[in-house]
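Colleague: Could you walk me through how to read a few features of this model, one at a time?
Modeller: Gladly; let's put it on screen and begin with the disulfides.

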Amino acid sequence: MRRISALLVAVGVAMTACSPPAPERPKPSPVQAARSVTGRPSTGCGQPPPTGGRNQVTVHGTRLDYLLSMPAGFTNTAPAPVILDFHGLGSDAAQENAYTRLSIAGANLGYVVVTPETASGLAGWIIPGFGGAAGARPGDQEIEVKAAAALLDHIEASLCVDRTREFAAGMSNGAGMAAALVCGLHGRLAAVAPVSGITIAKPCARPTPTTIITFHGTADRVVPFDGGQVGLPARIGGVEVPAWLRDARLPSFDTTVDRWTESMGCGQGTRSEPAGDVVLRTFRCAGGATVEAYVVEGGGHTWPGGIPLARLGKTTRLDATGLILRAFTRHPAKR
């Protein structure tokens, strides 16, 4: 298992607005919108407020480590939306918080943000359906999905969260993990935000309509925008990457988006340009879901608006973190 997991650290290598016109009647701010939704309160409501920072829980013999960020003054009595934010290959929860800023920006908008580390303790997430190393056992590729479900169960039991507003985001290998949970959690999530890695997870045939907001650079050399062989070196962090993984091939970003929109019954997309180097395709889907696919012209294997990492390519100034939170605020689960 440990050997297989090490091989499946998958494809996230080397990781470590204008204001709207004033309405006639005031609208709630994003933070008010996030906190005012009643939804379906979890069983954790009313318990003593939890402690933020690094936490650990053991569920069914599996240790789950995560960082917890909560809104200022969170009393654990009013249900808050919750985000799982999955780090990239070779990274960790603390680095993910620094890179995506979701833990700060999300908490400022009323979100509980949970940044997990892998259930195996290895450098990356095991993505169901990706890879096929000899010796893999039937349950090996489900370990991280099961861990994510167990972590959400734990969060619901210990914090006051809104069960209709559970979300996932991730970078690179973590993006594949977030996308895989659309199907892996059987419609439990209201929306997901895979950045530079949606192509790693295979869309299932009949997913519960789930909002997807995704970003990818056309010059990504790690997870190629046009598909094809992944850009993995022979070794990552002292771990040898086997030939079968270095030779793995992925579909293109456009093909992956089209498969998701087809499987979720989306209509024909519209095209816009939110920034000079960004093209957005937007699709309206069954059940009130949407798919927002941002293409960064010349963008590298990066988080738009994040810390520039020259070796991973160009980082556009478009604020992915803000756009993700805005999309999440608009899309509670209608179930």
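Colleague: What is the handedness of the link between Cys-45 and Cys-160?
Modeller: Right-handed, with 80 degrees about the S-S bond. Keep in mind that this is a predicted model. The two sulfur atoms are 2.0 Å apart, and a pair counts as a disulfide within 2.5 Å.

Colleague: Which parts of the chain does that pair tie together?
Modeller: Look at where each end sits. Cys-45 belongs to the loop between helix 2 and strand 1, and Cys-160 to the loop between helix 5 and strand 5, so the link ties together parts that are 115 residues apart in sequence. The two ends also differ in label: Cys-45 is partly exposed at 24% relative accessible area, whereas Cys-160 is buried at 0%.

Colleague: How many disulfides does the structure hold?
Modeller: Three. Another joins Cys-183 to Cys-204, with 2.0 Å from S to S. That link is left-handed, at -85 degrees about the S-S bond. Cys-183 is in helix 6 and Cys-204 in the loop between strand 6 and strand 7, 21 residues apart. Burial is worth reading with the cut-off in mind: Cys-183 has a relative accessible area of 18% and is buried, while Cys-204, at 26%, is partly exposed. Buried means under 20%.

Colleague: And what can you say about Cys-266 and Cys-285?
Modeller: They are joined by a disulfide with an S to S distance of 2.0 Å, and this link is right-handed at 95 degrees. Cys-266 lies in the loop between helix 8 and strand 12, and Cys-285 in the loop between strand 13 and strand 14, 19 residues apart. Both cysteines are buried. Counting bonded cysteines along the chain, the pattern is 1-2, 3-4, 5-6.

Colleague: Let's go inside. Which residues touch the most other members of the largest nonpolar core?
Modeller: Phe-86, Val-114 and Leu-181, in a core of 60 residues. Helix 5 gives the most to this core, with eight residues. Setting aside neighbours within four places in sequence, Phe-86 is in contact with residues including Trp-125, Ala-148, Met-171, Met-177 and Leu-181. A separate core has 29 residues, among them Val-113, Ala-169, Val-296 and Leu-325.

Colleague: Leu-325 is in helix 9, I think. Why is helix 9 described as largely enclosed by the rest of the structure?
Modeller: Because eight of its 11 residues are buried. The buried residues of helix 9 include Leu-323, Ile-324, Leu-325 and Phe-328. A helix has 3.6 residues a turn, so residues three or four places apart point the same way. At the N-terminal end of helix 9, Asp-319 acts as a cap, with a side-chain oxygen 3.3 Å from the backbone nitrogen of Thr-321.

Colleague: Now charges. What should I look for?
Modeller: Side chains of opposite charge can pair when their charged atoms come close. A search of the whole structure finds 12 salt bridges. In one of them, Asp-153 meets Arg-188 at 2.9 Å, N to O. Asp-153 is in helix 5 and Arg-188 in the loop between helix 6 and strand 6, so this pair ties together parts 35 residues apart in sequence. Both ends are partly exposed, Asp-153 at 43% and Arg-188 at 22%.

Colleague: Which other residue has a salt bridge with Arg-188, and is that residue buried or exposed?
Modeller: Glu-166, at 3.5 Å, N to O. Glu-166 is in strand 5, 22 residues from Arg-188. With 1% relative accessibility, Glu-166 counts as buried. There is also a salt bridge between Asp-254 and Arg-281, with the closest N and O atoms 3.6 Å apart. Asp-254 lies in helix 8 and Arg-281 in strand 13, so that pair ties together parts 27 residues apart. Through shared partners, Asp-153, Glu-156, Arg-163, Glu-166 and Arg-188 are joined into one network of salt bridges.

Colleague: Where is the nearest side chain of opposite charge to Glu-96?
Modeller: It is Arg-101, 11 Å away; Glu-96 is buried yet has no salt bridge. Glu-96 is found in helix 3. Beyond its neighbours up to four places away, Glu-96 touches residues including Phe-86, His-87, Thr-115 and Met-171.

Note on methods. Residues numbered from 1 in each chain as written. Predicted model: local features only at pLDDT ≥ 70, side-chain atom pairs only at ≥ 80, totals over all residues. Heavy atoms only, no water. Helix = DSSP H or I, 4+ residues; strand = E, 2+ residues; numbered from the N terminus. Buried < 20%, exposed > 50% of the residue type's maximum accessible area, 1.4 Å probe, protein only. Core = buried A, V, L, I, M, F, W, Y, C linked by side-chain atoms within 4.5 Å. Contact = heavy atoms within 4.5 Å. Polar contact = N/O pair within 3.5 Å; in protein donor to acceptor, adjacent residues only side chain to side chain. Lys, Arg positive; Asp, Glu negative; His and termini not counted. Salt bridge = Lys/Arg side-chain N within 4 Å of Asp/Glu carboxyl O.
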